Amino acid sequence: MVGSRLEVDLHIATCSGSALQSTVTCANRAGLEVSEGILESIAAAECTLSADERELGVCLLDIGAHSSDLVVFFEGAVAHTASVPIGGAHFTNDLAIGLQMPVAQAEEIKRQYGNAVVTSVPQQAEIEIANPQPQMLRLRSIAEILEPRARELMYYVKESLRQGGVVEALGAGCVLTGGGAMLPGMLDVTESQLRVPARTGMPVRLSHMPGQLVHPGFAVAIGMLLYAHRTRATRAAEDNSFRARLRAMFAATY
Ligand SMILES: Nc1ncnc2c1ncn2[C@@H]1O[C@H](COP(=O)(O)OP(=O)(O)OP(=O)(O)O)[C@@H](O)[C@H]1O
Ligand SMILES: [Mg+2]
């Protein structure tokens, strides 16, 4: 077969070289050797998505502390990547301002009693808090602060999907990872805003890995390990087959 033209569709995600170099320098100073860089959302996808989901079309959203990173796979390949500058820290800060309490206390209350859907919280439920003064706090008032932020996050995610032309490509729905995915109600807000099924992305459990690491907040870290292992194994296999072909070529020539 003879061809005269070769075409390829590529999705390229880039970052500032100096930002990447600073991260590598930090890791090196902590005694770690960096083999290569990978986008956070692609790393999280590595250990949470199935091959079927990537084929049908899926959006992985990693909700971190300061940003939420997304990647869309369609027909097995990356079709869209983006970062939305809203993360769990924004939810916490909203609570700290709304309830007039220190950020550390707001963070604890969010983790223990937070919910992103007001109507999921029983109307009469209350907790007693000591700061700023001893008082009873309605659990619904916590959700009333968290829900608009969750909706805002999903609004920007939807806008990004629209700009990327992939809103209709999510046959397998949306998978949430990152610490922010632990907030009860996030799946409901995702489903109602994006109008696709949503699930939490639990990383696969590697051998010798403690059970408490099987948690959506560790998806990026575990995905990075898997990715590094897989690329090393692939390169080693490629090197071996290249050497075998070279040996065969020399044996045939001499
Ligand atoms: N149980 C929980 N309920 C609600 N939010 C939680 C819970 N556990 C952790 N979080 C939130 O998750 C966020 C941290 O998530 P994660 O560890 O994925 O972020 P990160 O990777 O450090 O941040 P980034 O990706 O922005 O650099 C924090 O804002 C924290 O409040
Ligand atoms: Mg993160």
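**Exercise 1: Ligand 1 and its surroundings**

Task: In this predicted model, find how far a polar side-chain atom of Lys110 lies from an oxygen atom of ligand 1. Then look for backbone partners of the ligand, and state what share of its area the protein buries.

Solution:
- Step 1. Start at the side chain of Lys110: one of its polar atoms is 2.6 Å from an oxygen atom of ligand 1.
- Step 2. Turn to the backbone. A polar backbone atom of Ala65 is 3.0 Å from an oxygen atom of the ligand, and for a polar backbone atom of His66 the distance to a ligand oxygen is 2.9 Å.
- Step 3. Consider the cover. Taken alone, ligand 1 exposes 660 Å², and the protein buries 73% of that.
- Step 4. Widen the view. There are 16 residues around ligand 1, and those that come nearest are Ala65, His66, Glu107, Lys110 and Gly179.

**Exercise 2: Looking for disulfides**

Task: How many disulfides does the structure hold? Explain the result for Cys47 and Cys59, using the distance to the closest cysteine sulfur.

Solution:
- Step 1. The count of disulfides is zero.
- Step 2. Recall the cut-off: two cysteine sulfur atoms must be within 2.5 Å to count as a disulfide.
- Step 3. Check Cys47. Its closest cysteine sulfur belongs to Cys174 and is 15 Å away, so the pair is too far apart for a bond.
- Step 4. Check Cys59. Here the closest cysteine sulfur is again in Cys174, at 4.2 Å, which is also too far for a bond.
- Step 5. Add the surroundings. Cys47 is buried, at 3% relative accessibility, and Cys59 is buried too, at 0%.

**Exercise 3: Two residues in strands**

Task: Where do His80 and Thr177 sit, and are they buried or exposed? Describe the partners of each one.

Solution:
- Step 1. Place His80: this residue belongs to strand β3, which covers residues 77-84.
- Step 2. Classify His80. Buried means under 20% relative accessible area, and His80 has 10%, so it is buried.
- Step 3. Find the polar partner of His80. Its side chain makes a polar contact of 2.9 Å with the side chain of Ser160.
- Step 4. List other neighbours. Beyond four places in sequence, His80 touches residues including His11, Leu70, Val72 and Val166.
- Step 5. Move to Thr177, which is part of strand β6. With 0% relative accessibility, Thr177 is buried.
- Step 6. Find the polar partner of Thr177. A polar contact of 2.7 Å links its side chain to that of Asp62.
- Step 7. Look around Thr177. Among its contacts beyond four places in sequence are Ala44, Leu60, Ile63, Gly201 and Pro216.

**Exercise 4: Positive phi angles in loops**

Task: What is the phi angle of Glu75, and what is that of Arg195? Say where each residue lies, and decide whether it is buried or exposed.

Solution:
- Step 1. Glu75 has a positive phi of about 50 degrees, although it is not a glycine.
- Step 2. Glu75 is in the loop between β2 (68-74) and β3.
- Step 3. At 56% relative accessibility, Glu75 is exposed.
- Step 4. Arg195, also not a glycine, has a positive phi near 60 degrees.
- Step 5. Arg195 is in the loop that runs between α7 and β7 (198-200). With a relative accessible area of 69%, Arg195 is exposed.

**Exercise 5: The chain as a whole**

Task: How many helices and strands does the chain have? Use the radius of gyration to compare the chain with a compact globule.

Solution:
- Step 1. The chain has eight helices and seven strands.
- Step 2. Its radius of gyration is 23 Å, well over the 18 Å that the globule rule gives for 254 residues, so the chain is more spread out than a compact globule.
- Step 3. Look at the outline. Along the principal axes, the C-alpha atoms fill a box of roughly 90 × 45 × 35 Å.
- Step 4. Consider burial: 37% of the 254 residues count as buried.
- Step 5. Finish with the surface. The chain exposes about 15300 Å², and carbon and sulfur atoms supply 55% of this area.

Conventions
Residues numbered from 1 in each chain as written. Chains lettered and ligands numbered in written order. Predicted model: local features only at pLDDT ≥ 70, side-chain atom pairs only at ≥ 80, totals over all residues. Heavy atoms only, no water. Helix = DSSP H or I, 4+ residues; strand = E, 2+ residues; numbered from the N terminus. Buried < 20%, exposed > 50% of the residue type's maximum accessible area, 1.4 Å probe, protein only. Polar contact = N/O pair within 3.5 Å; in protein donor to acceptor, adjacent residues only side chain to side chain. Contact = heavy atoms within 4.5 Å. Rg over C-alpha atoms; globule rule 2.2 N^0.38 Å. Areas by Shrake-Rupley, 256 points an atom, 1.4 Å probe, with all protein chains shown as cover. Near = heavy atom within 4 Å.
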